[in-house]
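Hi,

Here is the structure I promised to pass on. Have a look at it first, and my notes on what turned up follow below.

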Amino acid sequence: MNHADRPDEVPVAPHLVQETGPLVLALAGGGCSPGIYGQVAAPGCALHGVDWMQGAGPFTPQAVAQRLAAALAPRTAPTVLLGHSLGGVIALLTALARPSAVQALVISNTGPHTRDHGDNSLPERIRHHWTPQARRAFLQACFAHEPPAALMRELERYLGALPAGSLLEAVEGLRRLDLSHGLGAIRCPVLIAHGELDRRRGIADARRLATLIPGAELVLLPGGHTPMVDCIDAYNDALDTFLARHLRAIQP
């Protein structure tokens, strides 16, 4: 997977918008490198990570989604958004902001709000105690199984280089959101591929999303908060089945 370029104004590089075939864009959660999608496969599609935490900001989910929606507006070929955790909320908001720009969504381990979030002290830690040890503990809680050592090094490097203020803006913005009354407006196909061993986002969050989004499909996967790493084969199988049923059917 090729990571997107990092322009200040939009979170997706212009050359990706110009892709003439199906484009799959992957949005990781707050503080996570797009490298979590490194083993994801989408045959027949161009797959790229969106490093949405780079640039000038602002980094609230609504602001990032508005920039992404505007960047995707010129596309005529199908676009699929993969969203993990906070990146899943951004993907949902992008589809709501510009429905014509998003043909399908694959959402993992997030929810319509954060009232039952398993880590509600995160903003306070970022503000006052964002030490290397705290950052590592945050990353370790993303997985039910030990991730590859090279990936953990990348995640630690990425998180350590992020300005704490930018991450704080993103996670506090998430906690101010409640999408419960807006998700019924989503009309594109949606797959909720949820790691059922998650310590942050329980299965109840996934079921809430499935209830609120018309026609959404829910698949529980044998992983934690980051199933595209914890159980990549199961994630890829679910993704391939979903794309075969929906995206490939609408290709020219």
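Asp178 comes out as partly exposed, at 36% relative accessibility. Keep in mind that this is a predicted model, so the numbers here are all computed from predicted coordinates. The side chain of Asp178 forms a salt bridge with that of Arg115, with 2.9 Å from N to O. Arg115 sits in the loop between strand 5 and helix 4 (122-128), while Asp178 belongs to the loop between helix 7 (164-175) and strand 6 (190-195), so this pair links parts that lie 63 residues apart in sequence. Unlike its partner, which is partly exposed, Arg115 counts as exposed, because its relative accessible area is 56% and the cut-off is over 50%.

That pair belongs to a longer list: the structure has 10 salt bridges. Here are two others from that list.

One joins the side chains of Glu156 and Arg136, at 2.1 Å from N to O. Glu156 is in helix 6 (residues 149-161) and Arg136 is in helix 5 (residues 132-140), so the bridge ties together parts 20 residues apart in sequence. Both ends are partly exposed: Glu156 has 29% relative accessibility, and Arg136 has a relative accessible area of 31%.

The other stays inside a single helix. Arg208 bridges to Asp205, with their closest N and O atoms 3.0 Å apart. Both residues are in helix 8 (residues 203-212), 3 residues apart, or about one turn of the helix. Their surroundings differ, though: Arg208 is partly exposed at 28% relative accessibility, whereas Asp205 is buried, with a relative accessible area of 2%. Through shared partners, salt bridges connect Asp116, Arg201, Asp205 and Arg208 into one network.

Next, the helix packing. Which angle do the axes of helix 2 and helix 3 make where they cross? The answer is roughly 55 degrees, with the axes of helix 2 (residues 61-72) and helix 3 (residues 86-97) coming within 8 Å. That angle makes helix 2 oblique to helix 3. The crossing of the two is right-handed. On the helix 2 side, the contact involves Pro61, Gln62, Val64, Ala65, Gln66, Leu68 and Ala69, and on the helix 3 side Leu86, Val89, Ile90, Leu93, Thr94 and Ala97. Sorted by type, the residues of this contact are 10 nonpolar and 3 polar, with no charged ones.

Two buried residues are worth a click as well.

Ser108 belongs to strand 5 (residues 104-108). At 0% relative accessibility, Ser108 is buried. Leaving out residues up to four places away in sequence, Ser108 touches Gly83, His84, Ser85, Ala193, Pro227, Met228 and Tyr235.

Pro147 is located in the loop between helix 5 and helix 6. Is Pro147 buried or exposed? Its relative accessibility is 8%, so Pro147 counts as buried, the cut-off being under 20%. With residues up to four places away in sequence set aside, Pro147 touches Met152 and Val229. The C-alpha atoms of Pro147 and Thr226 are 9.8 Å apart, although 79 residues separate the two along the chain.

Over to you.

Cheers

How values were computed: Residues are numbered from 1 along each chain as its sequence is written. This is a predicted model: local features need pLDDT of at least 70, side-chain atom pairs count only at pLDDT 80 or more; totals for chains, interfaces and linings use all residues. Side-chain values use heavy atoms; hydrogens and water are left out. Axes are lines fitted to C-alpha atoms, for helices over the stretch in contact, and angles run from 0 to 180 degrees between N-to-C directions. Helices (H or I, at least four residues) and strands (E, at least two) are DSSP runs, numbered from the N terminus. Angles under 35 degrees count as roughly parallel, over 145 as roughly antiparallel, 65 to 115 as roughly perpendicular and the rest as oblique. A crossing is left-handed if the near helix is turned anticlockwise from the far one by less than a right angle, and right-handed if clockwise. Contact means heavy atoms within 4.5 Å. Ala, Val, Leu, Ile, Met, Phe, Trp, Tyr, Cys and Pro count as nonpolar, Asp, Glu, Lys and Arg as charged, and the others, Gly among them, as polar. Buried means under 20% relative accessible area, exposed over 50%, partly exposed in between (1.4 Å probe, protein chains only). A salt bridge is a side-chain nitrogen of Lys or Arg within 4 Å of a carboxyl oxygen of Asp or Glu.
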